[in-house]
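The following report describes selected secondary-structure elements and how they are arranged.

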Amino acid sequence: MNKIANRVKQIEAMAQKTGFPVYSEGKNPLVRGKIATPRKELQQASPKLVSLEEAIRQSGLKDGMTISFHHHFRSGDKVINMVVDKLAEMGFKHLHLAASSLIDVHEPLIAHIRNGIISRISTSGLRGALGAAISHGLMDEPVIFRSHGGRAAAIANGELHIDVAFLGAPSCDSLGNACGYAQGENVKSICGSLGYAKVDAQYADKVVIITDSLMPYPNTPNSISERDVDFVVEVDSIGDAAKISSGAIRDSKNPRDLLLAQTAAKVVINGGYFQNGFSIQTGTGGASLAVVKFIREKMIEKNIKASFALGGITTHMVKLHEEGLIERLIDVQSFDRGAAESLINNRMHKEVSANEYASALEIGSAVHWLDMVILSALEVDVNFNANVLVGSDGVIRGAIGGHPDTAADAALSIIVCPLLRGRIPCVVDEVTTLITPGTSVDVIVTDYGVAVNPNRPEIAERLKVAHVNVVQIHDLKEKARKIIGDADPLPFGERTVGIVMSRDGSVMDIVRNIKDK
C-alpha cells in the first residue's frame with residue numbers, strides 16, 4: 001500500500017542521495033511547534049526585544065571590534081553617548097567606532113578615548129571639542145575620514161567591516177521593522193530618512209535597533225527590515241528632532257550670504273543645465289540653502305520643472321516639490337523636521353541608502369545622474385581644490401559629507417564661499433587639507449566675483465553673456481592677500497591625527513596634529 005510507513009526506506013535512500021536529513025517531527029530546533037498564544041500577546045515576548053546590556057552581550061561584541069552608528073539626529077543625537085557609556089560600564093576596551101559622522105554633542109567620547117574604551121574612529125566628520133581634542137593629539141591612531149559615498153562603498157566591499165551596528169530609529173516593532181518616523185499618537189521622535197543607517201543594517205554582522213517608540217507589528221512603512229535586525233531595545237529617548245537643523249545646517253538671513261546665493265542662482269540659471277527636467281542638490285551652508293529660494297522665481301517664470309532634488313532634503317526643497325516645481329525628492333538625510341514629515345506625506349519623496357545616494361561603485365547611485373550641485377567650503381585654492389574638514393587654524397571642525405561625491409559626478413559643481421571670513425581668507429594658494437580635488441570643481445562663487453575652472457571654458461562664456469562677474473581665481477586670492485596680508489604658518493606637529501580617504505578607497509591626504517601652545 002502507498003503509505004508513508006511503506007516508503008520509509010525509499011525516503012531514507014533519497015535523503016542520503018541528495019544530502020538532506022530525514023524529517024523527524026519535533027526534532028528540528030529551527031522549526032517551532034504549534035503555539036496557541038494570541039499573536040499580539042506573543043509579540044510582547046519577541047526574543048529580539050531585550051535591554052541594551054543584553055543586546056550587547058548576545059551580539060558577541062568583544063574588545064577591539066567595530067561598532068557603528070548613524071548621525072541622522074545630528075546635534076540632537078542621544079544614541080552614541082548612551083551606547084558607549086554602557087560599553088564603558090561593561091568593561092569593553094579598544095573598540096573601533098565607525099560613525100557616519102560625529103557632532104559637537106559627542107564631546108563625552110573624549111573621556112572614553114582617554115580611558116581606552118574607544119581606540120579607533122572612522123567617520124565623515126568631527127566637530128566641536130571632540131574635533132579640537134583629536135587635532136591636538138588625543139588619539140594614538142589617526143581617524144579615518146571618508147565621504148558618505150566612500151563610507152558606503154567601503155562597508156559594501158568589506159573594507160570597513162562592522163561587527164555590531166547600534167542604530168537609533170524613531171519607530172520600530174518588536175521584530176525589528178524600523179523607520180525614521182512613525183504615524184500615530186505619542187510619537188516621541190522623528191528624523192526622517194535613515195539613509196546612512198540602511199547601509200549598516202544591510203552589512204553589519206549584528207544589528208541592534210534602539211527606539212523610543214515601540215509600534216505594533218508590522219511597523220510600516222519600514223526603512224530597515226526585520227530580516228536585517230537581531231535585537232530591539234526600547235529606551236526613553238533616542239534624539240531631539242529640534243536639533244537636527246542646528247550647527248552646520250543654517251537658514252541664513254545674513255546679507256552677504258544672500259548676495260552669494262543670488263550670484264550662485266545666476267550661475268545655476270545661466271550655466272547651461274537649467275532646463276526642463278534638470279536635477280539639483282544643495283549643501284548645508286546658509287548661502288547654498290538660500291539658492292533654492294532664488295531659483296524658484298525663475299522656475300515659475302520660465303515654466304521649468306526639476307526632475308528631482310537630491311541629498312540632504314530641506315523644507316525649502318519640500319515646498320518646491322509640493323508646488324509642483326520638483327517632481328521627486330531623493331532623500332538620504334532629512335535636514336529638518338519639515339523634510340522628515342514630508343516622507344510621511346509625499347508619495348514622490350523617496351528614501352535611499354547611502355550606497356544608492358553616492359557610492360562610486362553603484363551604477364545606479366543618484367549622484368551619477370545629477371546635473372547641478374551647490375556646495376559650501378571652508379576654503380578653496382587657486383587650483384580649485386576644496387577643503388571642508390580642517391579650519392584655517394588647523395583644527396578639525398567640519399565634515400566631508402557628500403562633498404567630493406557630488407562634485408565629482410555632477411555635470412556642474414558650484415562652490416559658494418565668501419572671499420574672507422573675518423580676518424581669514426577663504427581663497428588661498430593651497431588648501432590646508434585636500435578634500436575635493438579641483439578637477440571636480442567647476443565654479444567658485446564669492447562676494448568679489450565668480451571664478452570658473454579653466455577646464456570648463458564653455459561655462460565661463462555662458463556666464464559672461466549673462467553679465468555674471470567672471471574673474472580669475474588668482475585675482476581673488478591676491479585680493480584676499482591685499483586685504484589681510486599673508487597668514488602665519490600653522491603650528492602643525494609631526495604626528496598624523498587624520499587620514500583622508502578618496503571616494504575610490506585611496507589615501508588622498510593626511511591631517512597633522514596642532515602643537516599645544
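Helices α10 and α11 are roughly parallel to each other (a term used for angles under 35 degrees, with over 145 counting as roughly antiparallel, 65 to 115 as roughly perpendicular and the rest as oblique). They pack at an angle of about 20°, with their axes 9 Å apart. Axes here are lines fitted to C-alpha atoms, for helices over the stretch in contact, and angles run from 0 to 180 degrees between N-to-C directions. The crossing of α10 past α11 is left-handed, meaning that the near helix is turned anticlockwise from the far one by less than a right angle. At this interface, Leu289, Val292, Lys293, Arg296 and Met299 of α10 meet His316, Met317 and Leu320 of α11, where contact means heavy atoms within 4.5 Å.

The model is predicted: local features need pLDDT of at least 70, side-chain atom pairs count only at pLDDT 80 or more, and totals for chains, interfaces and linings use all residues. Residues are numbered from 1 along each chain as its sequence is written, and side-chain values use heavy atoms, with hydrogens and water left out. Helices (H or I, at least four residues) and strands (E, at least two) are DSSP runs, numbered from the N terminus.

**Two helices and their surroundings**

Helix α11 spans residues 315-322, and its buried residues (under 20% relative accessible area with a 1.4 Å probe, protein chains only; exposed is over 50%, partly exposed in between) are His316, Met317, Val318, Leu320 and His321. These residues pack against β10, α10, β11, β12 and α12. Just after α11, Gly324 takes a positive phi of about 90°.

In helix α15 (residues 457-465), the buried positions are Ile459, Ala460 and Leu463. Viewed down the axis of α15, they fall within an arc of 100° (taken from the directions from the helix axis to the C-beta atoms), so they line one face of the helix. That buried set packs against α9, β17, β21, β22 and β23. His467, just after α15, has a positive phi of about 65°.

**Two open sheets**

One open sheet of mixed pairing has 9 strands in the order β13-β12-β11-β10-β14-β17-β21-β22-β23. Strands β13 (349-351) and β23 (470-471) stand at its edges with a single partner each, so one side of each lacks a neighbour in the sheet. Ala451 stands opposite Val471 in β23. Helix α9 (residues 255-270) lies across β14, β17, β21 and β22, at about 150° to β21.

A further open sheet, also of mixed pairing, has 9 strands in the order β9-β8-β5-β1-β2-β3-β4-β24-β25. Its edge strands are β9 (231-234) and β25 (507-514), each with a single partner, so one side of each is without a neighbour in the sheet. The twist averages 25° from one strand to the next. Helix α4 (residues 79-89) lies across β1, β2, β3, β5 and β8, running at about 155° to β1.

Strand pairs from these sheets are listed below; two strands pair if DSSP finds at least two bridges between them.

| Strand pair | Sense | Bridges |
|---|---|---|
| β22 and β23 | parallel | 2 bridges |
| β4 and β24 | parallel | 3 bridges |
| β24 and β25 | antiparallel | 6 bridges |

Strand β24 is mostly covered, with 7 of its 10 residues buried. Its residue Gly498 is the bridge partner of Val143. Towards β25, Ile499 is partnered with Ile510, and Val500 stands opposite Asp509. The hairpin of β24 and β25 has 5 residues between the strands, and within this hairpin Gly505 takes a positive phi near 95°.
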